[in-house]
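Visitor: I am new to this structure and should be grateful for a close look at one part of it. Please treat that part in a single connected account.

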Amino acid sequence: MELSPENPRPAEPEIETSHVEEFVEQLSCVTSTLPSRINIDAQSVEQGLAKLVLTLIEFIRRLLEKQAVRRMEGGDLSPEQIEELGLALMRLEAKLQELKTQFGLADEDLNLDLGPIGRLI
Amino acid sequence: MKVYIYCLTEGTDALPNSLRGIAGAAVRWIDTGCFSSVVSDFAGEAVLVNRENALAHAAVVQSVFKQTTPLPFRFGTLVTEPKLNSYLTARRETLQRKLEQVRGCVEMSVKIVWNRNWTDESLHKDVQEKPGTAFLHEKRRQLMGSEARAAEARRIAVWLEDKTGEMVREKRIDTNPTEKLLLAAAYLVERGAVEQYRVRLKEAREEKPELHFLVSGPWPPYSFANIDLEFKSQFGVS
Amino acid sequence: MSSPFDQIIVNEGGEQIDELELSLLETLDHVLNRGLVIAGEITISVADIDLIFLGLNVLLSSVETANEVLRHRETKL
């Protein structure tokens, strides 16, 4: 239709790099939420819900961490406050790790792919 | 009964008779007003995400792409025909604009890896630090590293655009999609300009040997097709 | 049916396999992560992913709101 001598038919996509292994590794991450199995039973549904909830908590936890670092940089926290904040965040991180393990989830599992709008974390 | 949709075009074109899609189903057209959708019948409730189906999807879109530039659908789109028709009617103007934007173009992809250490190890570490404080200091170190990396990714995106910008009609840039992937970019390039784009890109690559490039294309315009959910993809936590 | 994307420069056996893998991954990146979306219609056949897409709109608004609140607070500080 719109093809002409000036507007040639496209060739098949070529893929070219000098660093094949590196990109295989990185692209595996990008497609890591690819489900590889069908598993429509109760355990999977539970795990799916857990994923959703834990991801939200993880997201908020990271926001809190960033806020804490910001406040620390801003200089309006006393050394005692910094210590207290740090300890609380440490415990939060550990708790979340525990929950992840309980549900058999890895870090990558919590990186929700929200389709066209990208990843959550 | 649902149909699996591969892509959308402005008009009906001939498809190879032997063209098969997901689960080997025959590929056909559905005409809705000014649009033609490339579909195949699908009997299940959901589509298995595997190599075979993904490649089948890609092959169908590629086949159409040889004749005209379609708007590719994302893998796994299953709808009833009425739902498809109402979607096309409701979003007609936006879809027409999109088709116009991609007309006569292809998508060229660039991904860049830079294996660099972004955190400054030299930041003073006080051995006497209490645990909570040490924790926050470490987080700050990591954050600064990731901010440095993000800034560099943006700089490189700008540099790349400088090099190839003339041939590019539209771009989609993703900075730091993973820790090592500095950039994942998609460029909409007119078919006639692809060779020139490639030449410029080659020159750019030679300029920066520390950057590891993966270039691919020409693709149908997957990255430029979507009209919905076009939110900022960075959950801006900076 | 051989895929049109299996264009490879053959070196040693190991490299060939990796390049096939890369070709597939690049294709997957385009086909799975991009393209037109009819919101709420994508069902991918594993229970955990199902839930995410069904709940997409709800999830979006709660995350966006959280973001707005934080941004608002930051400008105030």
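Visitor: In what order do the 5 strands of the open sheet stand, and with what pairing?

Guide: A word on the model comes before the sheet. It is a predicted model, in which local features need pLDDT of at least 70 and side-chain atom pairs count only at pLDDT 80 or more, while totals for chains, interfaces and linings use all residues. Residues are numbered from 1 along each chain as its sequence is written, and chains are lettered from A and ligands numbered from 1 in the order in which they are written.

The open sheet runs S1(A)-S9(B)-S6(B)-S8(B)-S7(B), with antiparallel pairing. Strands here are DSSP runs of E of at least two residues, and helices are runs of H or I of at least four, numbered from the N terminus; two strands pair if DSSP finds at least two bridges between them. Strand S1 (14–17) of chain A and strand S7 (168–175) of chain B stand at the edges with a single partner strand each, so one side of each has no neighbour in the sheet. From one strand to the next, the twist averages 15 degrees.

The two chains meet within this sheet: S1(A) pairs with strand S9 (residues 212–219) of chain B in the antiparallel sense, over 4 bridges. Within this region, A:Thr17 stands opposite B:Leu214 in S9(B).

Two helices of chain B pack on the sheet. Helix H4 (residues 131–164) touches strand S6 (105–113), S7 and S8 of chain B, and its direction makes about 25 degrees with that of S8(B). Helix H5 (residues 194–207) touches S6, S8 and S9 of chain B, its direction making about 175 degrees with that of S9(B). Contact requires C-beta atoms, placed from the backbone, within 7 Å; axes are lines fitted to C-alpha atoms, for helices over the stretch in contact, and angles run from 0 to 180 degrees between N-to-C directions.

Strand S8 also leads to the interior. The largest nonpolar core holds 70 residues, of which B:Ile5, B:Tyr6, B:Cys7, B:Leu71 and B:Val189 touch the most other members. Strand S8 (residues 181–190) of chain B gives the most to this core, with 9 residues. Such a core is a set of buried Ala, Val, Leu, Ile, Met, Phe, Trp, Tyr and Cys residues joined through C-beta atoms within 7 Å; buried means 20 or more other C-beta atoms within 10 Å, exposed 12 or fewer, and partly exposed in between.

As for chain A, its elements run β-α-α-α from the N terminus on, and 21% of its 121 residues count as buried.
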